Amino acid sequence: MNYYQKDCEYNKIINNIMKNKEFIKINNCRHHGITRLEHSLRVSYFSYKICRKLKLNYKETAVAGLLHDFFLDEQLTKKEHRLSAFTHPKKSLSNSMKHFKLTDMQKDIIYSHMFPLIPTRPPKYLESWLVSMVDKVVASYEFFLSYHELYLSKIKRFAAVMLLVLAKV
């Protein structure tokens with residue numbers, strides 16, 4: 001059982017989204033070495049927990065955090081896939097609005113979550129800033145988990161070479 005599944009209040013907040021057939025399709029999309037659904041649940045849950053602790057709007061944050069990457073990329077060309085970091089917030093917002101009723105705060109959280117990569121979309125709400133930051137931390141963590149074996153072996157080789165160089169000095 002995942003950490004978020006034990007949190008009854010959180011699950012009540014996201015329940016209708018998790019039952020949406022279109023949204024659940026993101027479970028088939030790879031994202032940072034895991035599924036986009038797993039990534040979105042992490043961002044949503046950690047943002048929810050922090051906002052709750054800070055007495056911010058944790059319910060709206062949980063919903064928007066879950067929807068922040070609600071886009072499908074099965075038919076993207078390689079070029080479109082590379083540019084998706086810049087285009088997906090707009091797609092995610094459009095998909096979210098098509099399937100769910102959103103508040104202005106939730107729309108801002110989804111639309112601005114790639115700030116500062118997209119500097120023309122600064123967050124308007126404290127909750128938006130928080131989701132944007134949590135998204136960066138979670139993505140970094142997921143990237144590390146996915147690629148640590150590859151990089152770990154390179155670091156070990158580099159360290160071995162450096163030790164050999166230093167031993168000769």
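This report covers the overall make-up, helix α1, its packing against α3, and the salt bridges of a predicted model.

## Overall make-up

The protein chain contains 7 helices and 2 strands. Along the sequence these elements follow the pattern α-α-β-β-α-α-α-α-α.

The protein chain has 169 residues, of which 41% count as buried. Among contacts between residues at least 6 apart in sequence, 60% join residues at least 24 apart.

## Helix α1: two faces

Helix α1 spans residues 8-18, and its buried residues are Tyr10, Ile13, Ile14 and Ile17. Viewed down the axis of α1, these buried residues fall within an arc of 75°, so they line one face of the helix. The face turned away from the buried side of α1 carries Cys8 and Lys12, both exposed.

The cover over the buried residues of α1 includes three other helices: α2 (21-24), α3 (36-53) and α4 (58-67). At the N-terminal end, α1 is capped by Asp7, which has a side-chain oxygen 3.3 Å from the backbone nitrogen of Glu9.

## Packing of α1 against α3

Two packed helices are described by the angle between their axes and the distance between the axes. For α1 and α3, the axes come within 11 Å and cross at roughly 140°. The crossing of α1 past α3 is right-handed.

On the α1 side, the residues that meet α3 are Glu9, Tyr10, Ile13, Ile14 and Met18. Their partners in α3 are Leu37, Leu41, Ser44, Tyr45, Tyr48 and Arg52. Tyr10, Ile13 and Ile14 in this set are also among the buried residues of α1. Glu9, whose backbone nitrogen takes part in the cap by Asp7, is likewise in the set that meets α3.

## Salt bridges

Side chains of opposite charge can pair when their charged atoms come close. A search of the whole structure finds 3 salt bridges.

One of them joins Glu9 and Arg52, with the closest N and O atoms 3.5 Å apart. This pair links distant parts of the chain, since Glu9 belongs to helix α1 and Arg52 to helix α3, 43 residues apart. Glu9 is partly exposed, with a relative accessible area of 26%. Arg52 is also partly exposed, at 38%. Both residues appear in the contact set between α1 and α3 described above.

Another salt bridge is formed by the side chains of Glu22 and Lys25, at 3.1 Å from N to O. Glu22 is partly exposed, with a relative accessible area of 28%. Lys25 counts as partly exposed as well, at 35% relative accessibility.

## A buried charged pair

The remaining salt bridge is between Glu142 and Arg42, whose closest N and O atoms are 3.1 Å apart. Glu142 lies in helix α7 (residues 126-168) and Arg42 in helix α3, so the pair ties together parts that are 100 residues apart in sequence.

Are these two residues buried or exposed? Glu142 has a relative accessible area of 1% and is buried. Arg42 is buried too, with a relative accessible area of 18%. The cut-off for buried is under 20% relative accessible area, so Arg42 at 18% falls within the buried class.

Helix α3 thus appears in two of the pairs: Arg52 of α3 is linked to Glu9 of α1, and Arg42 of α3 is linked to Glu142 of α7.

Key. Residues are numbered from 1 along each chain as its sequence is written. This is a predicted model: local features need pLDDT of at least 70, side-chain atom pairs count only at pLDDT 80 or more; totals for chains, interfaces and linings use all residues. Side-chain values use heavy atoms; hydrogens and water are left out. Buried means under 20% relative accessible area, exposed over 50%, partly exposed in between (1.4 Å probe, protein chains only). Helices (H or I, at least four residues) and strands (E, at least two) are DSSP runs, numbered from the N terminus. The arc is that of the directions from the helix axis to the C-beta atoms. Contact means heavy atoms within 4.5 Å. A polar contact is a pair of N or O atoms within 3.5 Å; within protein, one must be able to donate a hydrogen and the other to accept it, and residues adjacent in sequence count only if both atoms are side-chain atoms. A salt bridge is a side-chain nitrogen of Lys or Arg within 4 Å of a carboxyl oxygen of Asp or Glu. Axes are lines fitted to C-alpha atoms, for helices over the stretch in contact, and angles run from 0 to 180 degrees between N-to-C directions. A crossing is left-handed if the near helix is turned anticlockwise from the far one by less than a right angle, and right-handed if clockwise.
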